[in-house]
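Student: I have a model open and would like to learn how to read its features one at a time. Where should we begin?

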Amino acid sequence: MDNHKLETEAIRTQLERTQFLEHTSPLYLTSSFVFVDAEDMRSSFAEEKQRNIYSRFSNPNNSEFVEKVCKMEGAEDGYAFATGMSAVYSTLAALLESGDHIVSAQSVFGSTHTLFTKYFPKWNITTSYFKVDELDTLESLITPNTKILYAESPTNPAVDILDLELLGNIAKKHNLVLVIDNCFATPYLQQPIKFGTDVVIHSATKLMDGQGRVLGGVAVGKASLIREIYLFSRNTGPALSPFNAWTLSKSLETLAVRVDRHCENALKVAEFLENHDKVNWVKYPFLKSHPQYEVAKRQMSQGGSIVAFEIKGGIESGRNFLNTIKMCSLSANLGDTRTIVTHPASTTHSKLSETDRLEVSITDGLVRISVGLENVEDIIKDLNQALKK
Ligand SMILES: *Cc1c(COP(=O)(O)O)cnc(C)c1O
């Protein structure tokens, strides 16, 4: 088939039609598949042919979802997971041995950080962290045991940007596997493989579904690495449910139009906040005031859906802001059709000391907005009335 543009692949990549000539792919809600005879069963298990055996290994709906993500990311192969965290865990557990070392950006998703600091040490896998604004210190952390270089860009919740090309070059020079969690950008805005990334991970729960319905995750990248990730996963069982895969395949068909509007609304919200007298500063990758604006412009086509800002008055102002919001949701999710506001210092990161919070750029007044698809005038009106109080 011809190579199409990303929006077209997201829609036209689909399963072969059955005898019913259905227009869109049907849902294969089946745990297993049958063999016609002993030879079919033998050759299938010997992997002499590609076919579905059991839905923990593969399922047509999962394959369709993975194929779409591969085409959108420019990846060779992939595997779909029940959640973003099972994608992160299984990818790393499949590729690492006891004694290996990870070099990771300091600000990564909370559960990823917990995995690195609390669980991997149980298997003698250690992690060193670099600050996202001190990439020049990164190489000094690399040891002979370092296997993985790990990062997210933009980061959560501070919306910092890491230079993916620089990370790609460092990984290549030191023979490391570069793993990028591309959840905040989506393949529509940023394709890390172009910059030398080996494995790209997504929480499909966020913008990929984008409608707050299902959990899901996916890892795509170099075929040889995905093979290891697949074998680990087929034996340990984090597979995505076919129903969620079917839902996510449909979601990807509208990813480009949804993300366009998310970005358009987010930029307007960022500009509104930048001019507000109750706001100290705003961070959005496509605002000229963003410290890594030039890098963002180089590697992203738009600024994404997340805006961070610091409200004047610290913790109390942050809490008051959440309490006076009327329309926007207070929720732990992001990348939804509904605008969501969070105040990390008093919620998700409240267990950290102020010093530890500052290490990951979370000041007491930091507010994170996941800008949704409501009319942007209504979003701004709600934020404005809450800031005034
Ligand atoms: C949400 C999220 C995850 C985890 O995904 P789940 O689907 O919730 O397991 C991982 N990385 C990032 C950047 C996320 O935002």
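**Reading the sheet, the ligand site and the backbone**

Tutor: Begin with one strand pair. This is a predicted model, and in it strand 11 (residues 340-342) and strand 12 (residues 366-370) run antiparallel to each other, joined over 3 bridges.

Student: Which residue of strand 12 is the bridge partner of Ile340?

Tutor: Ser370 is the bridge partner of Ile340.

Student: In what order do the strands of this sheet lie?

Tutor: Read a sheet by its strand order, then by its edges. Here 5 strands make an open sheet with the order 8-9-12-11-10, and the pairing is mixed. Strand 8 (279-283) and strand 10 (329-330) are the edge strands, each pairing on one side only.

Student: Which strands does helix 12 lie across?

Tutor: Helix 12 (residues 314-324) lies across strand 9 (306-311), strand 10, strand 11 and strand 12. Its direction is at about 125 degrees to strand 9.

Student: Now the ligand. Which residues are around it?

Tutor: List the shell, then sort it by class. The residues around the ligand are Thr83, Gly84, Met85, Phe109, Glu152, Asp181, Cys183, Phe184, Ser203, Thr205, Lys206 and Gly216. By class, this shell has 4 nonpolar, 5 polar and 3 charged residues, with glycine counted as polar.

Student: What distances separate the ligand from N or O atoms of Gly84, Asp181 and Lys206?

Tutor: Take backbone and side chain separately. For Gly84, a backbone N or O atom is 2.9 Å from an oxygen atom of the ligand. In the side chain of Asp181, an N or O atom lies 2.6 Å from a nitrogen atom of the ligand. The side chain of Lys206 has an N or O atom 2.7 Å from an oxygen atom of the ligand.

Student: How much of the ligand's accessible area does the protein cover?

Tutor: On its own the ligand has 380 Å² of accessible area, and the protein covers 91% of that.

Student: What should I look for in the backbone? Which peptide bonds are described as cis?

Tutor: Look at omega for the peptide bonds. The bond from Ser153 to Pro154 is cis, with omega near -5 degrees. Asn156 and Pro157 are also joined by a cis peptide bond, with omega about -5 degrees.

Student: Where do Pro154 and Pro157 lie?

Tutor: Pro154 is in the loop between strand 4 (146-152) and helix 6 (164-173). Pro157 lies in the loop between strand 4 and helix 6 as well.

Student: And what is the phi of Leu21?

Tutor: Look at the sign as well as the value. Leu21 is not a glycine, yet its phi is positive, about 55 degrees. Leu21 sits in the loop between helix 1 (6-12) and helix 2 (38-45).

Definitions and conventions. Residues numbered from 1 in each chain as written. Predicted model: local features only at pLDDT ≥ 70, side-chain atom pairs only at ≥ 80, totals over all residues. Heavy atoms only, no water. Pairing = 2+ DSSP bridges. Helix = DSSP H or I, 4+ residues; strand = E, 2+ residues; numbered from the N terminus. Contact = heavy atoms within 4.5 Å. Axes fitted to C-alpha atoms, helices over the stretch in contact; angles between N-to-C directions. Near = heavy atom within 4 Å. Polar contact = N/O pair within 3.5 Å; in protein donor to acceptor, adjacent residues only side chain to side chain. Areas by Shrake-Rupley, 256 points an atom, 1.4 Å probe, with all protein chains shown as cover.
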